[in-house]
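Please open the model in your viewer with the cartoon and the side chains available, and follow the stops below in order. Each stop says what to select and then what is to be found there.

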Amino acid sequence: MNKLRKILAPTDLSDMSRAGVRYALETAALTGAEVVAYNVVGCNEAAPYYDVEYSYVGAYTPAVEDIVEEHRRHLAKFVRDNFADLARKVRVTEVVEVGTPYDKIVEKARADGADMIVLSTHGRTGLMHVLIGSVAERVVRMAECPVLTVRPFKTMPTVTAAAA
């Protein structure tokens with residue numbers, strides 16, 4: 001097995017996606033790999049937007065650059081707030097791009113020479129899976145490198161120290 005040098009950790013910035021990013025960071029801390037925390041702004045997020053600030057209601061489409069910049073801020077906060085303990089031990093690069101999530105994830109892994117993709121699943125089944133689809137499933141089918149999918153816990157486990 002080749003040494004892990006770069007791990008791509010896609011996230012939609014949801015609570016469910018924390019498990020995948022955490023697993024990527026923990027793996028990187030053990031192997032010395034770099035982690036690319038990667039957020040894809042879906043094409044549908046650039047659709048008309050409704051603003052109710054200052055009692056003004058109107059449809060407008062914000063510039064793509066503004067949307068990407070907003071996602072960059074959210075990604076930085078997501079990493080800082082959820083993984084400060086690991087982010088100090090691992091080289092983390094934060095990247096935001098626009099496109100179809102599964103296509104962009106596969107392209108980014110290929111372009112960056114990622115040795116592994118680690119991403120969370122949302123655990124949708126049945127009709128929800130059929131209607132919404134699965135980014136993780138498509139990434140597994142299309143990626144050229146190994147893909148590790150992590151199913152999040154229903155509640156995050158807590159570690160307690162044993163009394164001495």
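## Starting at L86

Select L86 to begin: at a relative accessible area of 8%, L86 is buried, and its place is in helix α2. The model in front of you is a predicted one, and the values along the way are computed from it. With the side chain of L86 displayed, look for R22, L25, E26 and A29, which L86 touches when residues up to four places away in sequence are not counted. For one of these, L25, the C-alpha atom lies 6.3 Å from that of L86, although the two residues are 61 apart in sequence.

## The contact of α1 with α2

Now widen the selection to the whole of α1 and α2, which pack at an angle of about 35 degrees with their axes 10 Å apart. If you turn the view to look through both helices, the crossing that you see is right-handed. On the α1 side, colour R18, V21, R22, L25, E26 and A29, and on the α2 side F78, N82, F83, D85 and L86, since these residues make the contact. What classes of residue does the contact of α1 with α2 hold? It has 6 nonpolar, 1 polar and 4 charged residues.

Keep F78 and F83 selected, because the next stop concerns their rings. The structure holds 1 aromatic pair, and F78 and F83 form it in an edge-to-face arrangement, with 5.6 Å from centre to centre and 70 degrees between the planes. Both of these phenylalanines are buried.

## The largest nonpolar core

Return to α1 and select A24, which is found in that helix and counts as buried at 0% relative accessibility. Leaving aside its neighbours within four places in sequence, A24 is in contact with I7, A9, V35 and V118. A37 can be added as a distance marker, 13 residues from A24 in sequence and 9.1 Å from A24 in space, C-alpha to C-alpha.

From A24, move to V35, whose contacts beyond four places in sequence are I7, A9, A24, L25, A28, V90, R91, V92 and T93. V35 also belongs to the largest nonpolar core, a set of 24 residues in which I7, L25 and V35 touch the most other members. To see where this core is drawn from, show β1 (6-10), α1 (18-31), β2 (34-42), α2 (64-87) and β6 (116-120), each of which supplies at least two of its residues. Which element gives the largest share? That element is α2, with 7 residues. Apart from this core lies another, of 16 residues, among them V36, Y38, A143 and C145. As a general tendency, nonpolar side chains in soluble globular proteins are buried together.

## A loop residue with positive phi

Next, select L13, in the loop between β1 and α1. L13 has a positive phi of about 70 degrees although it is not a glycine. Is the residue buried, partly exposed or exposed? With a relative accessibility of 22%, L13 counts as partly exposed, the cut-off for buried being under 20%.

## The contact of α3 with α5

Select helix α3 (residues 101-112) together with helix α5 (residues 135-142), which pack at an angle of about 40 degrees with their axes 9 Å apart. Here too the view along both helices shows a right-handed crossing, in which α3 passes α5. In α3 the residues to display are P101, Y102, D103, I105 and V106, which meet V135, R138, V139 and M142 in α5. By class, this contact divides into 7 nonpolar, no polar and 2 charged residues.

Within α5, centre on R138, which is partly exposed with a relative accessible area of 31%. A distance drawn between the C-alpha atoms of R138 and P101 comes to 9.7 Å, with their positions 37 residues apart along the chain.

## The whole chain

Finally, clear the selections and show the whole protein, whose secondary structure comes to 5 helices and 7 strands. Traced along the sequence, these follow the pattern β-α-β-β-β-α-β-α-β-α-α-β. Colouring by accessibility picks out the buried residues, which make up 38% of the 164 residues. Among contacts between residues at least 6 apart in sequence, 78% join residues at least 24 apart.

Notes: Residues are numbered from 1 along each chain as its sequence is written. This is a predicted model: local features need pLDDT of at least 70, side-chain atom pairs count only at pLDDT 80 or more; totals for chains, interfaces and linings use all residues. Side-chain values use heavy atoms; hydrogens and water are left out. Axes are lines fitted to C-alpha atoms, for helices over the stretch in contact, and angles run from 0 to 180 degrees between N-to-C directions. Helices (H or I, at least four residues) and strands (E, at least two) are DSSP runs, numbered from the N terminus. A crossing is left-handed if the near helix is turned anticlockwise from the far one by less than a right angle, and right-handed if clockwise. Contact means heavy atoms within 4.5 Å. Ala, Val, Leu, Ile, Met, Phe, Trp, Tyr, Cys and Pro count as nonpolar, Asp, Glu, Lys and Arg as charged, and the others, Gly among them, as polar. A nonpolar core is a set of buried Ala, Val, Leu, Ile, Met, Phe, Trp, Tyr and Cys residues joined through side-chain atoms within 4.5 Å. Buried means under 20% relative accessible area, exposed over 50%, partly exposed in between (1.4 Å probe, protein chains only). Rings of Phe, Tyr and Trp (its six-membered ring) pair if their centres lie within 6.5 Å; planes under 30 degrees apart count as stacked, over 60 as edge-to-face and the rest as tilted.
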